[in-house]
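Welcome! Here is a short briefing to help you find your way around a structure you have not met before. Have a look at it first, and then read on.

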Amino acid sequence: MSGFLTPHFTLTQDDSFVQVRIRLPHLRASTEGEFYVLDKEFKFFLKPYFLRLTFQQSLIEDGRE
């Protein structure tokens with residue numbers, strides 16, 4: 001996907017959760033992005049930012065995301 005920027009992000013993990021924190025300092029708080037969790041993949045999109053992370057084990061989407 002050309003023309004997209006990779007946002008600054010950090011990952012943390014404990015026994016129950018993997019947390020992805022994405023920093024977008026130049027966007028207004030009312031701007032909405034989209035994220036998806038599917039099997040081992042996490043995707044985040046908010047034009048012009050795009051982030052795709054692939055994990056070794058499957059992620060569980062259970063409403064607490």
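Strand 4 and strand 5 make a hairpin, with two residues between them. The two strands run antiparallel to each other and pair over six bridges. Please keep in mind that this is a predicted model. The points below start from this hairpin and then move on to the rest of the chain.

**The hairpin of strands 4 and 5**

- One bridge of this pairing is easy to look up: E41 has T54 in strand 5 as its partner.
- P48 sits in the loop that links strand 4 to strand 5.
- The peptide bond between K47 and P48 is cis, with an omega of about 10°. That deserves a second look, because most peptide bonds are trans.

**The nonpolar core**

- Which residues make up the largest nonpolar core? There are nine of them: L24, V37, F42, F44, L46, Y49, L51, L53 and F55.
- Strand 4 (41-46) and strand 5 (49-54) are the elements that give two or more residues to this core.
- L53, one of the core residues, touches F9, L11, V20, K40, E41 and F42, if residues up to four places away in sequence are not counted.

**The hairpin of strands 1 and 2**

- A second hairpin to look for joins strand 1 to strand 2 through four residues.
- Strand 1 (residues 8-13) pairs with strand 2 in the antiparallel sense, over six bridges.
- Two pairs of facing residues can guide your eye here: F9 is opposite I22 in strand 2, and T12 has Q19 of strand 2 as its bridge partner.

**I22, a residue with many contacts to explore**

- I22 belongs to strand 2, which covers residues 18-23.
- Is I22 buried, or is it partly exposed? I22 counts as partly exposed, because its relative accessible area is 26%, and buried would mean under 20%.
- Leaving out neighbours within four places in sequence, I22 is in contact with P7, H8, F9, F42, F44 and L51. Among these partners, F42, F44 and L51 are members of the largest nonpolar core.
- L59 lies 37 residues from I22 along the chain, and the C-alpha atoms of the two are separated by 18 Å.

**Strand 3 and the loop after it**

- E34 is part of strand 3, which spans residues 34-38.
- With a relative accessible area of 41%, E34 is partly exposed.
- Apart from residues up to four places away in sequence, E34 touches K43, F44 and F45. F44 also appears in the list of core residues.
- How far apart are the C-alpha atoms of E34 and D14? They are separated by 24 Å, while the two residues are 20 places apart along the chain.
- D39 lies in the loop between strand 3 and strand 4.
- The phi of D39 is positive, at about 55°, although D39 is not a glycine. This is worth pointing out, because most residues other than glycine have a negative phi.
- D39 is partly exposed, with a relative accessible area of 45%.

**The chain as a whole**

- How many helices and strands does the chain have? It has zero helices and five strands, so the pattern along the sequence reads β-β-β-β-β.
- The C-alpha trace spans about 35 × 25 × 20 Å along its principal axes.
- The chain has 65 residues, and 17% of them count as buried.
- Its accessible surface comes to about 5,700 Å², and carbon and sulfur atoms account for 49% of that.
- If you take the contacts between residues at least 6 apart in sequence, 32% of them join residues at least 24 apart.
- The chain carries 8 positive and 9 negative charges, and the mean positions of the two groups are 10 Å apart.

Key: Residues numbered from 1 in each chain as written. Predicted model: local features only at pLDDT ≥ 70, side-chain atom pairs only at ≥ 80, totals over all residues. Heavy atoms only, no water. Core = buried A, V, L, I, M, F, W, Y, C linked by side-chain atoms within 4.5 Å. Buried < 20%, exposed > 50% of the residue type's maximum accessible area, 1.4 Å probe, protein only. Contact = heavy atoms within 4.5 Å. Pairing = 2+ DSSP bridges. Areas by Shrake-Rupley, 256 points an atom, 1.4 Å probe, with all protein chains shown as cover. Lys, Arg positive; Asp, Glu negative; His and termini not counted. Charge placed at Lys NZ, Arg CZ, Asp CG, Glu CD.
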